[in-house]
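Trainee: I would like to go through this model with you, from its overall layout down to its interior. Please reason each answer through.

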Amino acid sequence: MPETANPLSNPLIPADLAPVMSALCKVAIDLAGIIARGPLGQSLGHEVGENAGGDGQKALDVLADDMFEAALRQTSVRWYASEEQETVLPLNPAGRYALAIDPLDGSSNIDVNVSIGTIFSIFEARDAAEDSFLRPASEQVAGGYVIYGPQCCLAVTFGKGTLMFVLDPATGRFELVNDAMQTPGASKEYAINASNHRHWDPAIRAYIEDCQAGKTGPHGQDSNMRWVASLVAETHRILTRGGIFLYPGDARPGYEKGRLRMVYEVAPIAFLVEQAGGLATDGRTPIMDLAADALHARSPLVFGSPDKVRQVAGYYDKAR
Ligand SMILES: O=P(O)(O)OC[C@H]1O[C@](O)(COP(=O)(O)O)[C@@H](O)[C@@H]1O
Ligand SMILES: [Mg+2]
Ligand SMILES: [Mg+2]
């Protein structure tokens with residue numbers, strides 16, 4: 001792929017954030033190349049350790065983290081918080097921004113050639129490292145993801161709608177394909193890891209059982225279930241085709257608040273989805289009103305087409 005000085009130049013990118021976005025995109029292009037070579041290149045999917053959240057780290061998790069950290073050092077990012085780092089790293093002391101990142105999302109899919117991604121969230125930096133991230137999701141100045149799939153795409157919001165770019169392999173540039181993504185309202189698809197059925201609370205259990213009941217059940221429609229186990233891929237599908245995603249808290253030890261991390265998974269995805277006319281809650285409360293109480297804190301996440309997300313909140317109200 002040809003190398004361009006700036007792979008993302010567009011008037012819709014705020015000028016102050018443009019160098020940060022450009023650095024993210026350059027790394028994303030390099031990662032897309034590494035991922036595309038799969039077994040022809042270095043081994044990507046083998047376990048190399050454990051991260052602060054207790055998840056196994058794959059070689060590509062660590063490589064992606066190293067690449068983003070190195071590239072963002074040259075930008076106005078003051079604080080760097082990563083799924084793969086226990087604490088916040090100081091980058092540019094004079095920098096204006098605090099950037100949180102899931103360098104490689106969906107790592108269980110690395111070996112099986114299914115879409116994986118990168119998720120990022122940007123706040124204005126505060127003087128204290130952690131304080132810069134432990135604040136309401138509504139204070140984000142940018143949120144987005146890159147998906148490494150059949151197409152490499154960037155979805156990003158700066159609080160004025162959700163933009164979608166596609167990487168053109170012929171030029172090495174991300175081209176704008178939609179300047180106002182709109183989550184479709186009507187969809188028959190729901191996404192949840194159904195193997196956890198026995199651990200769910202009564203509200204989620206009742207909601208999913210009613211989805212499964214189909215046309216003759218209370219929802220009055222047949223549904224399809226999807227579970228990619230890659231949050232970026234589920235988000236991309238829902239932004240494009242509608243539907244609902246649920247990763248609720250459940251009864252497994254350590255899963256009281258589900259699996260997903262507030263700072264670098266839940267908050268940026270909620271920002272993107274709400275800017276595209278969807279809703280994102282923890283089941284009841286809008287994610288945008290919530291703040292993490294620790295860097296790697298988890299949060300339940302329910303997002304997608306507004307009517308469906310409201311419907312889930314109704315099940316929680318009934319279960320009270
Ligand atoms: O394996 P589970 O419990 O279904 O969890 C799947 C979820 O875990 C994740 O893979 C977590 O992300 P990481 O790969 O960044 O740890 C999400 O992308 C996905 O939604
Ligand atoms: Mg993730
Ligand atoms: Mg990850």
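Trainee: How many Å apart do the C-alpha centres of domain 1 and domain 2 lie?
Mentor: This is a predicted model, and the domain assignment of the protein chain gives domain 1 as 15-178 and domain 2 as 189-319. Taking the C-alpha centre of domain 1 and that of domain 2, the separation is 23 Å.

Trainee: How many residues of domain 1 are in contact with domain 2, and with how many residues there?
Mentor: Contact here means heavy atoms within 4.5 Å. On that basis the domain 2 side of the contact has 32 residues, and the domain 1 side has 50.

Trainee: What average pLDDT does the protein chain have?
Mentor: Where pLDDT is low, the predicted coordinates should not be read in detail. In this chain 100% of the residues score at least 70. For the complex, the predictor gives a pTM of 0.97 and an ipTM of 0.98. The chain average of pLDDT is 96.

Trainee: Which strands are at the edges of the open sheet?
Mentor: The open sheet has 8 strands with mixed pairing, in the order β4-β3-β5-β6-β7-β8-β9-β10. An edge strand pairs on one side only. The strands that do so are β4 (89-90) and β10 (173-178).

Trainee: Which residue of β10 stands opposite Leu167?
Mentor: Strand β9 covers residues 162-168. It is joined to β10 by 5 bridges, and the two run antiparallel. Opposite Leu167, in β10, stands Phe174.

Trainee: How much space lies in the largest cavity?
Mentor: Counting cavities of 30 Å³ or more, the structure holds 1. The space in the largest cavity is about 50 Å³.

Trainee: Which element gives the largest share of the lining of the largest cavity?
Mentor: The lining consists of Ser121, Phe123, Phe133, Arg135, Pro136, Ala137, Met262, Val263, Ala267 and Ala292. Two or more residues come from each of β6 (116-124) and α5 (262-275). The largest share, 3 residues, is that of α5.

Trainee: How many residues in the lining of the largest cavity are nonpolar?
Mentor: Ser121 and Arg135 are among the lining residues. By class, the lining has 1 polar and 1 charged residue. The nonpolar residues number 8.

Trainee: Which domains each give at least three residues to the lining of the largest cavity?
Mentor: The lining includes Phe123 and Phe133 as well as Met262 and Ala292. The assignment places 15-178 in one domain and 189-319 in the other. Those giving at least three residues each are domain 1 and domain 2.

Conventions
Residues numbered from 1 in each chain as written. Chains lettered and ligands numbered in written order. Predicted model: local features only at pLDDT ≥ 70, side-chain atom pairs only at ≥ 80, totals over all residues. Heavy atoms only, no water. 1 Å grid on protein atoms, 1.4 Å probe; cavity = no way out; pocket = protein on both sides within 12 Å on 5 of 7 lines; lining within 4 Å. Points joined across faces, edges and corners; volume = space filled by probe spheres on them. Helix = DSSP H or I, 4+ residues; strand = E, 2+ residues; numbered from the N terminus. Nonpolar A, V, L, I, M, F, W, Y, C, P; charged D, E, K, R; others polar. Domains from an automatic or database assignment. pLDDT = per-residue confidence, 0-100. Pairing = 2+ DSSP bridges.
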